[in-house]
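Visitor: I am new to reading protein structures. Could you take me through this one and explain the words as we meet them?

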Amino acid sequence: MIEGDLFKSLFDVIPFDIYVVDISNYEIIYMNRKMIEERGNFIGGRCYERIYGEESPCRFCKIPQVVDVETKRSLDKTVIFDLFNPVNDRWYQVQEKAMTWPDGRITKYSIAVDISELKETQNRLAEAHAELALKNKTLLKLSSTDSLTGLYNRMRIEEFLESAIYSARRYSRPFSLIMLDIDRFKEVNDGYGHLVGDEVLVRLAEILRTQLRKSDYAGRWGGEEFLIVTEDTDKESCALLAEKLRENVEATDFGSVKRVTISAGVAGFESGDDRVRLIRRVDEAMYRAKSAGRNRVEL
Amino acid sequence: MKSCRILVVDDSLITVRKISQALQDLGYEIAGTSLSGEDALLKFRELSPDLVTMDITLPGMNGIETVKGIMEIDPAALIIMITSHGQEQMVIDSIDAGARGYVMKPVKPEILKETVEKVLANYSVNPGSDTGLGGDRD
């Protein structure tokens, strides 16, 4: 182990920042010439205050990694890590190890190499990765969202349906579907124009968003038709949810159109079901609601 | 400028002060500051900030776990990660978890300004786009 004066004479000529801290009280007991010239003389001060600008020992402090906290003896282990110092906005690669000071105190020495320029270059690489991840995310969102309503598009809701069928078969997790259709929507479009029709669709999507639970997935199935996949829900509970939606829509003021109603069909997954059978059943239930006079829910 | 209240999360006191000062100089309001992920979740609930800046390497609950926690509270939350080279995997994980942007350390005020403006312009609360259903739920 390098000791005392030898340590000083060796490290005063090294062109990196070097300092030594008493592990019992965080007091800086040595700084090499380069560090004093560049940062000022902090000897006698606390490392966390003078070097890192903290009010209490740093949360990243490596003393517990280089010294056995019970016995206060060196673990004879060197740790190397990258560290950002917010006091001077520089990046350092730091090497730290415990050593015994000539007076017997157990200390930790740190050699800090300024890697700010290297980091600056490497950061551009990191930025490229992050930018790519953000772009991917946007792309995924665009490709799975219905641009008018912000709900899932048909492709995405079909994927949720497939995955719900998979879980139902494999793990016996029940799920149900709601297919809902705006009543006499053609009259809205013909009578008020397509822009008003679009507003009705957006308003309805908002109702779905606020009324549905986290485990419900709502998508625009086609024109004025919406499909909702409700996870871990049997068809009776699902019908109650559909009824709540129906009431909510009926009670909503749709602006120039005033009142809008929906008809909804509900179907629960049954063993042997595949996507086509299930969709056919929920579609038939929805048409029963239409033929029974609209503004209602049918199982 | 529309007032925007920001929660600043970093385990370094000096960094919290510097980022807060830079944001105030840009005209933003500091809703609060946190030195840990656990505290950030409490403050987020309590203060409902419009935007959060988050250090990726927090002791205890790390930046990514904190992002996940915040997204649980509000799926439309706007979070910007403060990060650097060597943390690419964490940056990508945090973006997958819902973070909307990133700024490299050391934080340059002009880059911070650009990123905050971009995130506010692209993702600000707009019912029908990103909240709840049909948004980032996968």
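Guide: Happy to! Keep in mind that this is a predicted model. Let us start with helix H4 (residues 88-97) of chain B, where Val91(B), Ile92(B), Asp93(B), Ser94(B) and Ile95(B) are buried.

Visitor: What covers the buried residues of H4(B)?

Guide: Both chains take part. The cover includes helix H5 (116-144) of chain A, along with helix H3 (63-73), strand E4 (79-83) and strand E5 (101-104) of chain B. Just after H4(B) comes Gly98(B), with a positive phi of about 130°.

Visitor: Why does Pro109(B) count as partly exposed?

Guide: Pro109(B) has 14 C-beta neighbours inside 10 Å. A residue needs 20 or more to be buried and 12 or fewer to be exposed, so Pro109(B) counts as partly exposed. Pro109(B) sits in helix H5 (residues 109-123) of chain B, and it touches Ala22(B) and Asp25(B), leaving aside residues up to four places away in sequence. Along the chain, Pro109(B) and Ala22(B) are 87 residues apart, yet their C-alpha atoms are separated by 6.0 Å.

Visitor: Why are H7(A) and H8(A) called oblique to each other?

Guide: The axes of helix H7 (residues 185-192) and helix H8 (residues 194-211) of chain A cross at roughly 140° and come within 6 Å. Roughly antiparallel needs an angle over 145 degrees, and roughly perpendicular covers 65 to 115. The angle fits neither, and H7(A) and H8(A) are therefore oblique. On the H7(A) side the contact is made by Phe185(A), Val188(A), Asn189(A) and Tyr192(A), and on the H8(A) side by His194(A), Val196(A), Gly197(A) and Val200(A). Five residues of this contact are nonpolar, three are polar and none is charged.

Visitor: Which residues touch the most other members of the largest nonpolar core?

Guide: Leu177(A), Ala264(A) and Val266(A) do, in a core of 45 residues. Elements of chain A giving two or more residues to this core include strand E8 (175-182), strand E11 (262-268) and helix H10 (275-291). Apart from this core lies another, of 34 residues, among them Val9(B), Leu51(B), Ile95(B) and Ala99(B).

Visitor: How many residues of chain B are in contact with chain A?

Guide: The number is 27, and they meet 35 residues of chain A. Helix H1 (13-25), H4 and E5 of chain B each supply at least two residues of that side of chain B. By class, this side has 11 nonpolar, 11 polar and five charged residues.

Methods
Residues are numbered from 1 along each chain as its sequence is written. Chains are lettered from A and ligands numbered from 1 in the order in which they are written. This is a predicted model: local features need pLDDT of at least 70, side-chain atom pairs count only at pLDDT 80 or more; totals for chains, interfaces and linings use all residues. Axes are lines fitted to C-alpha atoms, for helices over the stretch in contact, and angles run from 0 to 180 degrees between N-to-C directions. Helices (H or I, at least four residues) and strands (E, at least two) are DSSP runs, numbered from the N terminus. Angles under 35 degrees count as roughly parallel, over 145 as roughly antiparallel, 65 to 115 as roughly perpendicular and the rest as oblique. Two residues are in contact if their C-beta atoms, placed from the backbone, lie within 7 Å. Ala, Val, Leu, Ile, Met, Phe, Trp, Tyr, Cys and Pro count as nonpolar, Asp, Glu, Lys and Arg as charged, and the others, Gly among them, as polar. A nonpolar core is a set of buried Ala, Val, Leu, Ile, Met, Phe, Trp, Tyr and Cys residues joined through C-beta atoms within 7 Å.
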